[in-house]
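User: Could you take a close look at one helix in this predicted model for me? I'd like to know what packs against it and how its charged neighbours are tied in.

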Amino acid sequence: MSRHVGLLGGTFDPVHLGHLVVADVVADRLGLDELRLLVAGDPWMKDSESAAHHRVAMARAAVADDPCLSVDDRETHRDGPTYTADTLEMLHEEEPGTRFVFLLGADAAAHLPAWRRITDALELATFVVVGRPGSQRPIHELMDRVTWVDAPLVDISSTGLRADVASGRSVRYRVPDPVRDYVAEHGLYLPG
Ligand code: ATP
Ligand code: MG
């Protein structure tokens with residue numbers, strides 16, 4: 001039987017419980033063999049605050065005790081922007097026969113029509129979209145080509161967490177403890 005692998009792409013600045021709940025629920029619902037957090041290097045659509053090595057380290061710390069979850073940092077080793085279609089092609093070359101699922105939240109799915117080589121990407125993986133608080137179910141022509149999965153709505157975002165750390169508020173229970181420790185140890189997201 002071919003392997004069935006999920007990918008959750010993101011900047012993970014920092015990774016949080018919203019990411020992990022979605023990853024776990026979708027992996028379970030779809031019967032995935034594993035799910036990988038695909039850490040973006042230099043996303044062409046947004047700036048990330050923390051260096052890739054910090055984002056990768058936090059993602060690794062978050063999944064350390066889950067045998068189903070792992071981290072793929074290949075995009076952080078490439079120069080310039082990274083496109084999902086390129087990454088999916090690379091993965092298919094390395095793992096022939098594996099079926100890939102690309103997972104994204106409703107906010108990210110709203111931008112799918114703007115993705116480079118989106119038609120190729122849709123051929124290379126099954127796209128699965130989950131709801132996200134504050135984001136409507138997108139309405140564009142590509143939504144016919146994705147699968148909607150109902151997962152618990154978790155109102156956590158990295159943007160909110162960065163702001164809370166910057167103003168000295170607690171982020172306990174919104175990120176795994178090892179991630180909270182990492183943020184504190186490295187002084188991430190502090191003003192100035
Ligand atoms: P930022 O606020 O910096 O954009 P984020 O919380 O959106 O961070 P990303 O790394 O941008 O996290 O998200 C990666 C993927 O995970 C995206 O597809 C996004 O839609 C999805 N995602 C993130 N948080 C949630 C959440 N709470 N519920 C559902 N999907 C989420
Ligand atoms: Mg985001």
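Analyst: Happy to. The buried residues of α3 are covered by, among others, the strands β1 (4-10), β2 (34-39), β3 (69-72) and β4 (99-105), together with helix α5 (118-124). The buried residues in question are Thr84, Ala85, Thr87, Leu88 and Leu91, in a helix that runs over residues 84-94. They lie on the same side of α3, because they span an arc of only 160° around the axis. The general background is handy here: an α-helix has 3.6 residues a turn, so residues three or four places apart point the same way.

Now to the charged side chains. At Glu94, helix α3 takes part in a salt bridge with Arg74, at 2.9 Å from N to O. Arg74 sits in the loop between β3 and α3 while Glu94 belongs to the helix, so this pair ties together parts that are 20 residues apart in sequence. The two partners differ in exposure: Arg74 is buried, with a relative accessible area of 19%, under the 20% cut-off for that class, whereas Glu94 is partly exposed at 47%.

For context, the whole structure holds 15 salt bridges. Another one joins Arg132 to Asp107, with their closest N and O atoms 3.1 Å apart. Here Arg132 comes from the loop between β5 (126-130) and β6 (146-149) and Asp107 from helix α4 (residues 106-109), so parts 25 residues apart in sequence are tied together. Arg132 is partly exposed at 27% relative accessible area, and Asp107 is also partly exposed, at 30%.

Methods
Residues numbered from 1 in each chain as written. Chains lettered and ligands numbered in written order. Predicted model: local features only at pLDDT ≥ 70, side-chain atom pairs only at ≥ 80, totals over all residues. Heavy atoms only, no water. Buried < 20%, exposed > 50% of the residue type's maximum accessible area, 1.4 Å probe, protein only. Helix = DSSP H or I, 4+ residues; strand = E, 2+ residues; numbered from the N terminus. Arc of directions from axis to C-beta. Contact = heavy atoms within 4.5 Å. Salt bridge = Lys/Arg side-chain N within 4 Å of Asp/Glu carboxyl O.
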